[in-house]
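Please look over the model below. This report covers its charged pairs and its pocket space.

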Amino acid sequence: VIVRNVRVKGEFRFSSRLSNPPYPAWTGIMLRSQGYFANSGHLALLRENGVVALTQEVNGRHHEDVEIGRIEGFDPARDEFVPFDIAIDEKAWTIQIGSIKHERKISELPYVFSEGRIIVEGQFCWVCMRKLDITA
């Protein structure tokens, strides 16, 4: 389903991580996605070290992760679920993952996808989700 303004809430946790990955594991929610690559939508993510980040276009050429906070005491080995609430509309892209809250005005984003899919993605891990609620 293609959506424009959407809110995705729920809880997730790392249920299994690759034992010796070339890069740290992460999981995230991408809104207005055109595909699964980071430059194909608006991605908010949680890394296995507790860092919360978003992806952002830089100089019109590529995307980089922008750290927006760190969940203190986060340990992916514990079976603790982390709440998330991520939304995008005509005014703002709002992100809350655990205790980290962040808001970006749409007018401040270097590039904005007008509509797209909701994609749950991750790297080098399996993720368990519960209490998923999507409002469009």
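How many salt bridges does the structure hold? The structure holds 8. The model is a predicted one.

## Glu 90 and Arg 4

Start with the pair formed by Glu 90 and Arg 4. Their closest N and O atoms are 2.6 Å apart. Glu 90 sits in the loop between strand E6 (82-88) and strand E7 (92-97), and Arg 4 sits in the segment before strand E1 (6-17), so this salt bridge ties together parts 86 residues apart in sequence.

Are these two residues buried or exposed? Glu 90 has 45% relative accessibility, so it counts as partly exposed. Arg 4 has 36% and is also classed as partly exposed.

## Arg 7 and Asp 85

Arg 7 and Asp 85 form another salt bridge, with an N to O distance of 2.5 Å. Arg 7 belongs to strand E1 and Asp 85 to strand E6, so the pair links parts that are 78 residues apart in sequence.

The two partners fall into separate burial classes. Asp 85 is buried, because its relative accessible area is 18% and the buried class covers values under 20%. Arg 7, at 37% relative accessibility, counts as partly exposed.

## Arg 78, Glu 80 and a network

Arg 78 pairs with Glu 80 in a salt bridge. The closest N and O atoms lie 3.0 Å apart. Arg 78 is partly exposed at 36% relative accessibility. Glu 80 is partly exposed at 46%.

Which residues are joined into one network by salt bridges that share partners? They are Glu 11, Arg 130 and Lys 131.

In general, side chains of opposite charge can pair when their charged atoms come close.

## The largest pocket

How much space lies in the largest pocket? The value is about 190 Å³. The pocket is lined by 13 residues. Closest to its centre are Trp 26, Ala 38, Leu 43, Glu 121 and Gln 123. Two elements give two or more residues to the lining: strand E3 (42-47) and strand E9 (117-123).

What is the make-up of this lining by class? There are 7 nonpolar residues, 3 polar and 3 charged.

## Recap

Two of the salt bridges tie together parts of the chain that are apart in sequence: Glu 90 with Arg 4 across 86 residues, and Arg 7 with Asp 85 across 78 residues. The largest pocket draws on strand E3 and strand E9 for its lining.

Note on methods. Residues numbered from 1 in each chain as written. Predicted model: local features only at pLDDT ≥ 70, side-chain atom pairs only at ≥ 80, totals over all residues. Heavy atoms only, no water. 1 Å grid on protein atoms, 1.4 Å probe; cavity = no way out; pocket = protein on both sides within 12 Å on 5 of 7 lines; lining within 4 Å. Points joined across faces, edges and corners; volume = space filled by probe spheres on them. Helix = DSSP H or I, 4+ residues; strand = E, 2+ residues; numbered from the N terminus. Nonpolar A, V, L, I, M, F, W, Y, C, P; charged D, E, K, R; others polar. Salt bridge = Lys/Arg side-chain N within 4 Å of Asp/Glu carboxyl O. Buried < 20%, exposed > 50% of the residue type's maximum accessible area, 1.4 Å probe, protein only.
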